[in-house]
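Visitor: I would like to go through this model with you, one part at a time. Could you set out your reasoning before each result?

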Amino acid sequence: MILHPASTTPDIAAPLAAIDMGSNSFRLEIAQMPRGQYKRLEYLKETVRLGAGLDAEGMLTEAAMQRGLDCLQRFAQRLKGFPPARVRAVATQTLREAKNRNAFLARAQEVLGFPIEVISGREEARLIFAGVARLQPGDKPRLVIDIGGRSTEMILGRGRRPQAAESFQVGSVSLSLRFFPEGLFTAEAFRAAQVAAGAELEEALTLFKPALWQQALGSSGTVGAVAQILAATGITDGRITPDALRWCIAQCLEAGSMDKLKLPGLKEDRRAVVGGGLCILYTLLTQFGIEELLPAKGALRQGVIFDLVERLESSLTTDGIAKQDMREASVAGLQKRFAVDLAQAERVQAIALNLYQQLQPRAPRERQRELAWAAGLHEMGMMVSHHDHHRHSAYLLAHVDAAGFSQNQLKRLGDLALGQRGGLRKLEAALSDESLLWQLLCLRLAVIKSHAREAVESKALRLRRQGRKVELNLPKSWASEHPRTVFLLQEEVAAWARSGVLELSLV
């Protein structure tokens, strides 16, 4: 896949920033990678409790959204002057669930000044493992666990390579709200919470059985909070064991409520969710045969930093996307999985990218990549049915797990696949994004030019644009030799005329 060179050469050693918009806390990590070594420059954390703001209908309350917006506004002050390519903000389970997430994201992106990506549970797990594997290297097969506010991620891997990754919809915030809603600790509530956690995690028993790993590591908030309690009280040196967790639960029962719980090492921002966190931890250790869980150094935010570095390194190439970009491997995997006609995909890619360069010569490299990936996967729906395959492609892209991609970006690729043919009314709202508009026009023209599924001259079509008016130049000799293609192009002119979005003409 040939792309045009990046307009500027990124400085790999310059600061990078990752924002983790979790269900309990928002975190900002600023770091550098001099000579490949991770160096933290700054770390900010605020307890936002976004996950506690989901109402019974799955809608984020205004109060919860405002807490998030206030935090992001403070993060934005610290990120002034950062180029967009050096900042990545990711949101996790609460925004995967929230029915009004798009309304919140529109406000949040305006406040933050950078795009926010909602990532899938498996992508979250992959990034967590990347952070742990790089900051705490080891050769033993590992089980890495991350208990968040509304989800728990489990990853099996060795070295830097994850072998299995899953996300489960149970977290310290959601479990605490359900079983300790008044902040009261009872034996019955602990038992019920453990049963609920076990029911959610039970399907993972075979995938993460003890025979497959030799070391268990716990990442992020809940594990870190419990480890601090155990170390501060001298129960252990910070490692988490079933006996140590039974002691923690006994202390909760003796206190009777979270308000009366007095434990060295327990931070105030963890008090409201400690009950749910202990129940998930105890269930994991007993259900999966974990004798001890060690706190890990890395977490999601560091994994995001490492992913950013790989993307920047890939943009240094001038002859294509380097192998470091996980998304390229994911596209190749999807093409194989859905038996995509690779020759046709390459034809459409070449034409679409050539047309896009004519329309948007200064387009960000990421937009070029998106168009190339959409062209490479536009026919994956053929595996489902030839009829309306563009609709099947769009659905698959919007719902598939693909390492390296956020849900936002997969939805964008799905929109491009959906709009590759037929009427444009179905994408009326999406086409208000001008960058998507030009990508879609180029993809549609490329699909038309390649409709015969034979070798084509990728540079035969010439585009000239002035505002929303686009002229498509057809050499007379070429037009006379391809009357069917000219007919389809005339139909395309009519389709855009009906949409009223832009004016396309043949000259």
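Guide: Let us begin with a cut-off: a residue is called buried under 20% relative accessible area, exposed over 50%, and partly exposed in between. Please keep in mind that this is a predicted model.

Visitor: Into which class of exposure does Arg 453 fall, buried, partly exposed or exposed?
Guide: Arg 453 is placed in the loop between helix H16 (434-449) and strand S11 (462-466). Its relative accessibility is 34%, and the range between 20% and 50% is the intermediate one. Arg 453 therefore counts as partly exposed.

Visitor: What is the phi of Arg 453?
Guide: Most residues other than glycine have a negative phi. Arg 453 is not a glycine, and yet its phi is positive, at about 60 degrees.

Visitor: Where is Arg 49 found, and what is its phi?
Guide: Arg 49 belongs to the loop between strand S3 (39-47) and helix H1 (62-78). Here too a residue other than glycine takes a positive phi, with a value near 55 degrees.

Visitor: Turning to the whole protein, what radius of gyration does it have, and what would a compact globule have?
Guide: The secondary structure comes to 18 helices and 13 strands, and the C-alpha trace spans about 90 × 45 × 45 Å along its principal axes. For 507 residues, a compact globule would have a radius of gyration near 23 Å, and the value for the protein agrees with this, being 25 Å.

Visitor: Which percentage of the contacts with a separation of 6 or more comes from residues 24 or more positions apart?
Guide: As to burial, 54% of the 507 residues count as buried. Among the contacts with a separation of 6 or more, residues 24 or more positions apart account for 70%.

Visitor: In the open sheet of five strands, what is the order of the strands?
Guide: The pairing in this sheet is mixed, and S3 and strand S5 (116-118) are its edge strands, each pairing on one side only. Neighbouring strands are turned against each other by 20 degrees on average, with direction ignored. Read across the sheet, the order is S3-S2-S1-S4-S5.

Visitor: Which helix packs on that sheet, and at what angle to S1?
Guide: The helix touches strand S1 (16-21), S2, S3, strand S4 (87-91) and S5. This helix is H10, and its direction makes about 135 degrees with that of S1.

Visitor: How many bridges join S2 to S1 and to S3?
Guide: S1 and S2 run antiparallel, are joined by six bridges and are linked by a hairpin of three residues; Asp 20 has Arg 27 in S2 as its bridge partner. Strand S2 (residues 25-32) also pairs with S3 in the antiparallel sense, with Ala 31 opposite Arg 40 and Glu 29 opposite Tyr 43. The counts are thus six bridges between S1 and S2, and between S2 and S3 eight bridges.

Visitor: How many residues of S2 are buried?
Guide: S2 is mostly covered, and of its eight residues the number that are buried is seven.

Visitor: How do helices H4 and H10 pack, parallel or perpendicular?
Guide: Helix H4 (residues 121-135) and helix H10 (residues 300-314) have axes 7 Å apart, at an angle of about 85 degrees. Because angles from 65 to 115 degrees count as roughly perpendicular, H4 is to H10 roughly perpendicular.

Visitor: How do the residues of that contact divide by character?
Guide: On the side of H4 the contact includes Leu 127, Ile 128 and Arg 134, and on the side of H10 it includes Val 304, Phe 306 and Asp 307. The residues of the contact divide into seven nonpolar, three polar and four charged.

Visitor: In the open sheet of three strands, which strands stand at the edges?
Guide: The order is S11-S12-S13, with mixed pairing, and strand S12 (residues 469-473) pairs with S13 in the parallel sense over four bridges. Each edge strand has a single partner strand, so one side of each is left without a neighbour in the sheet; these strands are S11 and S13.

Visitor: Which helix lies across S12 and S13, and at what angle to S13?
Guide: Helix H12 (residues 342-359) packs on the sheet and touches S11 and S12, at about 30 degrees to the direction of S11. The helix across S12 and S13 is H18 (residues 483-499), which runs to S13 at about 155 degrees.

How values were computed
Residues numbered from 1 in each chain as written. Predicted model: local features only at pLDDT ≥ 70, side-chain atom pairs only at ≥ 80, totals over all residues. Heavy atoms only, no water. Axes fitted to C-alpha atoms, helices over the stretch in contact; angles between N-to-C directions. Helix = DSSP H or I, 4+ residues; strand = E, 2+ residues; numbered from the N terminus. Parallel < 35°, antiparallel > 145°, perpendicular 65-115°, else oblique. Contact = heavy atoms within 4.5 Å. Nonpolar A, V, L, I, M, F, W, Y, C, P; charged D, E, K, R; others polar. Buried < 20%, exposed > 50% of the residue type's maximum accessible area, 1.4 Å probe, protein only. Pairing = 2+ DSSP bridges. Rg over C-alpha atoms; globule rule 2.2 N^0.38 Å.
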